[in-house]
Structures are given as structure tokens and as C-alpha cells.
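Colleague: Before I use this model, I would like to go through the terms used to describe it. Please show it first.

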Amino acid sequence: MPSASAIAARSTVTPEGALPHGRPAAGRAFDPGCAACPRLAGFLAEQRVALPAHHNAPVPAFGDPSSRLLVVGLAPGLHGANRTGRPFTGDHAGILLYQTLFDHGFASAPVSDHAADGLRLLDARISNAVRCVPPENKPEPAEVRRCNAYLVHDLASHPAGGVVIALGTIAHQAVLDALGLRRAAYAFAHGAQHALPDGRLLIDSYHCSRYNTSTKRLTAEMFAAVFAAARAHLGLVR
Ligand code: SF4
């Protein structure tokens with residue numbers, strides 16, 4: 001693997017969190033060697049020593065880019081997506097997410113343990129607001145802004161009339177930023193449905209994190225209702 005400094009040198013995402021010539025309409029294609037965030041690149045370098053069997057690199061989106069459902073989470077978990085290299089795969093949060101995707105016809109299997117388990121997403125894609133694992137699961141605002149270029153790219157291939165499910169406030173804001181929409185015009189609330197100007201529907205959900213599910217802030221029934229709303233908007237009937 002190239003050094004972090006070498007990767008940073010070729011990256012076109014600036015350390016300040018802005019793209020050098022303004023955000024291009026198509027965003028930026030995923031760079032598996034991106035090290036534009038110094039704190040996160042340093043953390044990953046530490047994990048390559050401490051956890052050498054882990055993926056320990058930016059985690060790409062999972063699923064066909066033209067899928068009508070796009071689920072946007074926060075960031076890879078240290079021993080989940082950062083281990084397996086696939087969003088929510090091996091994470092505690094992935095237990096409810098993949099079960100719910102399967103229950104609503106968006107995944108071929110209910111359990112996502114590792115990247116070679118053969119699970120396929122069906123007309124669905126999973127991405128994150130931040131592609132590198134942050135210490136304590138807490139990305140800094142500048143890191144979310146910097147990584148937004150990749151979400152812009154994800155959304156550029158997301159078809160008109162599709163549904164975006166944002167898991168948590170940070171993901172919700174990242175989607176709005178990526179689409180150039182004012183945050184103040186679309187307040188986050190669990191279950192809120194926002195008709196976006198381009199015809200897409202943004203649905204908010206509490207994040208399916210261990211904390212939220214163990215405290216019952218988010219129940220399986222609440223989460224299922226979000227995905228049922230997505231199915232309804234996409235014209236899918238059971
Ligand atoms: S979080 Fe995003 S922008 Fe920052 S280093 Fe990782 S991939 Fe690059």
C-alpha cells in the first residue's frame with residue numbers, strides 16, 4: 001500500500017475540506033487510496049499496525065450505482081466496515097440494516113458478515129457520509145465536508161424518482177450538502193419525508209447504531225416503517 005503522504009500528494013481533495021476548483025457537478029469518483037483527512041489517515045495508519053487483518057482504508061459504497069434506493073450512513077465502524085471493507089458489514093448497526101433490507105426486498109440475504117458472503121443488494125446501494133473510520137465513531141465537521149465530494153458522485157448516479165434514506169443527522173446534512181440544498185429548509189426528524197426539488201424523496205431515520213437500538217430510540221418496527229415508505233414511493237407492492 002502506498003504511504004499516506006504519497007496518497008495525499010495525488011489527492012485532489014484539499015486539506016481545508018473544499019475542492020480546489022469548487023465542487024464539480026459529478027463529484028469525485030471514489031479513491032480507494034484517499035488520505036485527504038490527516039487525522040483519519042493517521043488513525044488508519046495506526047490500525048494497520050494494530051489490526052493488520054482489517055481493511056484499514058476508505059470503504060467504498062456497496063451496490064449498483066443506478067439503484068433507486070440509496071442508504072447513507074455515517075462512517076465505517078472500526079471492527080465492522082473497517083474490518084470487512086463493505087459498508088455496515090460486520091458492524092452491529094448492520095444487523096438491523098441488512099435484516100430490514102432483506103425483509104423489504106432490497107437484499108438477497110438477511111445477514112452481512114463479510115465482503116465475500118455473496119450477499120447482493122437489490123435495487124439498493126449503501127454509502128456513508130465519511131468513508132474512513134473515525135476515532136470513537138466521531139468524524140469532525142471538516143472531514144464530513146471533505147468526504148462530501150464522494151457522496152456527490154454517488155448521488156449523481158442515483159436515478160430521478162429514487163429514494164435516499166439518511167441514517168442520522170450527519171448523513172441527512174451530508175445529503176443536503178451534496179445536493180446543494182439548504183439545511184434549514186429540510187429539518188431532520190425520524191420518519192420525515194422530504195420531497196426534493198429534483199424529484200427524489202429523502203427519508204430520515206435515526207441511525208441503526210447499537211446505542212439507538214439498545215435504548216429503543218430506534219426499534220425494528222420504526223426502522224421497518226422507514227423502508228416500507230421507501231418501497232411505497234418506489235411503487236413496490238408486496
Ligand atoms: S474520510 Fe473521505 S475525504 Fe477523508 S481521507 Fe477518507 S475517503 Fe478521503
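Modeller: This is a predicted model. Among contacts in the chain between residues at least 6 apart in sequence, 67% join residues at least 24 apart.

Colleague: What makes two residues a contact in that percentage?

Modeller: Their C-beta atoms, placed from the backbone, lie within 7 Å. The chain holds eight helices and five strands, and 47% of its 238 residues count as buried.

Colleague: Why are α4 and α8 called oblique to each other?

Modeller: Helix α4, residues 92-103, packs with helix α8, residues 220-233, at an angle of about 50°. Roughly parallel needs an angle under 35 degrees, and roughly perpendicular runs from 65 to 115. The angle of about 50° belongs to neither class, and the pair is therefore oblique. The axes are 10 Å apart, and the crossing is right-handed.

Colleague: Which residues make the contact?

Modeller: Leu96, Thr100 and Asp103 of α4 meet Ala220, Phe223, Ala224 and Phe227 of α8.

Colleague: How do you know which of them are nonpolar, polar or charged?

Modeller: Leu, Ala and Phe count as nonpolar, Asp as charged, and Thr falls among the others, as polar. The contact of α4 with α8 therefore has five nonpolar, one polar and one charged residues.

Colleague: What makes up the shell around the ligand?

Modeller: The shell has 11 nonpolar, no polar and three charged residues. Of the 14 residues around the ligand, Cys34, Cys37, Arg131, Cys132 and Cys147 come nearest. By class, Cys counts as nonpolar and Arg as charged.

Colleague: Which helix gives the most to that shell?

Modeller: α5 does, with three residues. Both α2 (38-50) and α5 (141-157) supply at least two each.

Conventions
Residues are numbered from 1 along each chain as its sequence is written. This is a predicted model: local features need pLDDT of at least 70, side-chain atom pairs count only at pLDDT 80 or more; totals for chains, interfaces and linings use all residues. Axes are lines fitted to C-alpha atoms, for helices over the stretch in contact, and angles run from 0 to 180 degrees between N-to-C directions. Helices (H or I, at least four residues) and strands (E, at least two) are DSSP runs, numbered from the N terminus. Angles under 35 degrees count as roughly parallel, over 145 as roughly antiparallel, 65 to 115 as roughly perpendicular and the rest as oblique. A crossing is left-handed if the near helix is turned anticlockwise from the far one by less than a right angle, and right-handed if clockwise. A residue is buried if 20 or more other C-beta atoms lie within 10 Å of its own, exposed if 12 or fewer, and partly exposed in between; C-beta atoms are placed from the backbone. A residue is near a molecule or strand if its C-beta atom, placed from the backbone, lies within 6 Å of it.
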